[in-house]
Amino acid sequence: MEEEQSEFRHWDELLPDVLGLIFSYLSLKELLEVIPCVCKSWSKAVMGPLCWQYIDLFQWSIRWQPHQLDRMLRMLVARSGGSLRSLHVAGLQNESNFSFITENAGSLQVLRLPRSEISGPIVEETAQRLSTITFLDLSHCPKIGAKAIEAIGKHCKFLVTLCRNMHFLDSAGKVEPEDEANAIAATMPRLKHLELRCHFISTECVLNILSGCPHLEHLDIKGCLEVELDHQFLKDEFPKLKNLLELRLRNVGGPYIGYHEFIDWIYGFSYLRMWVECWLNGEIKLPLSVIECAIPCPSFILQYLLSM
């Protein structure tokens, strides 16, 4: 019996690196609130970098105040000790935090920062620190422009996935709406997955992207109202493109709605965006018929926005 027992080791006797690898499969809540209270060896192991190579603060981003999120983000990134590989946080408000992330991005491969308020200049300044990135999500970040996207393309040579979805109102406010797309076409030849929802770009601009990104397999241009593509032409000229997601606003039995018509509707009812975001975030749970009564806009536009 003693020989059999000697073949096994107590959990608290495992090497810290082994414990760290095991703990990395646990939730953030468990890592922060449960594991440190078990014993000293577990508390020491959970402070090590192996537990913090993959940090997902997305759900916490929704519930916490910005200052709470800032403190947690800095603490966990610091714990990663430069071994951070994946980070997902939404609504980043502080540009110094973005700079801090890039300073600890030596091993970073996946960076998701949707709905953040970081500006173009800070991205341009720090893009060279993100050279190992393969997946980048800057969706709904209205302060980032074409120069920042170009800087990312020049420095992030291994980038294969870019998510740059926008809201209609933010896209409509851009002086040169096609500059970002042209920057992607010119600087990101390795892309395989690209999301550009609700950008006001032309068909020619999309074709430039397809030509400049010859490895592209997935292209999402839902809400790009001015784009009209010949699918047979795409099949012949760009055989690697496997998934093309496009959806234009169309009234049942009527013509497609164009750019200027749509902008007239959107600016006439600026609170539509707020309602749609609440619907998408699950903050309101009402039938579509009720929402239509509350929002004076054509039902086919509302149905499209809610389907995104």
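## Salt bridges, a parallel sheet and two free cysteines

Arg 197 and Asp 220 join their side chains in a salt bridge, with N and O 2.8 Å apart. Arg 197 sits in the loop between β6 (193-195) and α12 (203-212), while Asp 220 belongs to strand β7 (residues 218-220), so the pair ties together parts that are 23 residues apart in sequence. Arg 197 counts as buried, at 17% relative accessibility. Asp 220 is buried as well, at 2%. The model behind these values is predicted.

That pair belongs to a wider set. The structure holds 6 salt bridges. Another of them links Arg 112 with Asp 137, and here the closest N and O atoms are 3.9 Å apart. Arg 112 lies in strand β3 (residues 110-112) and Asp 137 in strand β4 (residues 135-137), so this bridge ties together parts 25 residues apart in sequence. Arg 112 is partly exposed, with 31% relative accessibility. Asp 137 is buried, at 6%.

Lys 143 and Glu 117 form a further salt bridge, at 3.5 Å from N to O. Both residues are in loops: Lys 143 between β4 and α9 (146-155), Glu 117 between β3 and α8 (120-126). The two parts tied together are 26 residues apart in sequence. Glu 117 is partly exposed, with a relative accessible area of 25%.

Now turn to the strands. How are they ordered in the sheet? The sheet is open, has 8 strands and runs β1-β2-β3-β4-β5-β6-β7-β8, with parallel pairing. Its edges are β1 (54-56) and β8 (243-245), each of which pairs on one side only. On average, neighbouring strands of the sheet are turned by 5° against each other, direction ignored. For a single pairing, take β2 (residues 86-88) and β3. These strands pair in the parallel sense over 3 bridges. Within that pairing, Ser 86 has Val 110 of β3 as its bridge partner.

Helices come next. The protein chain has 17 helices and 8 strands in total. One helix to follow is α11 (residues 179-187). Its buried residues are Glu 180, Ala 181, Ala 183, Ile 184, Ala 185 and Thr 187. Why can residues three or four places apart in an α-helix point the same way? An α-helix has 3.6 residues a turn, so such residues face the same way. The cover over the buried residues of α11 includes α9, β5 (161-163), β6 and α12. Two of these names have come up already: β6 and α12 flank the loop that holds Arg 197.

Cysteines are the next stop. How many disulfides are there? The count comes to 0. Cys 198 is in no disulfide, and the nearest cysteine sulfur, that of Cys 224, is 7.0 Å away. Why is there no bond between Cys 224 and Cys 198? At 7.0 Å, the sulfur of Cys 224 is too far from that of Cys 198 for a bond, because a disulfide here requires the two sulfur atoms to be within 2.5 Å. Cys 198 is buried, at 1% relative accessibility. Cys 224 is buried too, at 3%.

Finally, step back to the whole chain. Of its 308 residues, 44% count as buried. Among contacts with a separation of 6 or more, 68% come from residues 24 or more positions apart. The chain exposes about 16,200 Å², and carbon and sulfur atoms supply 54% of that area.

Note on methods:
Residues numbered from 1 in each chain as written. Predicted model: local features only at pLDDT ≥ 70, side-chain atom pairs only at ≥ 80, totals over all residues. Heavy atoms only, no water. Salt bridge = Lys/Arg side-chain N within 4 Å of Asp/Glu carboxyl O. Helix = DSSP H or I, 4+ residues; strand = E, 2+ residues; numbered from the N terminus. Buried < 20%, exposed > 50% of the residue type's maximum accessible area, 1.4 Å probe, protein only. Contact = heavy atoms within 4.5 Å. Areas by Shrake-Rupley, 256 points an atom, 1.4 Å probe, with all protein chains shown as cover. Pairing = 2+ DSSP bridges. Axes fitted to C-alpha atoms, helices over the stretch in contact; angles between N-to-C directions.
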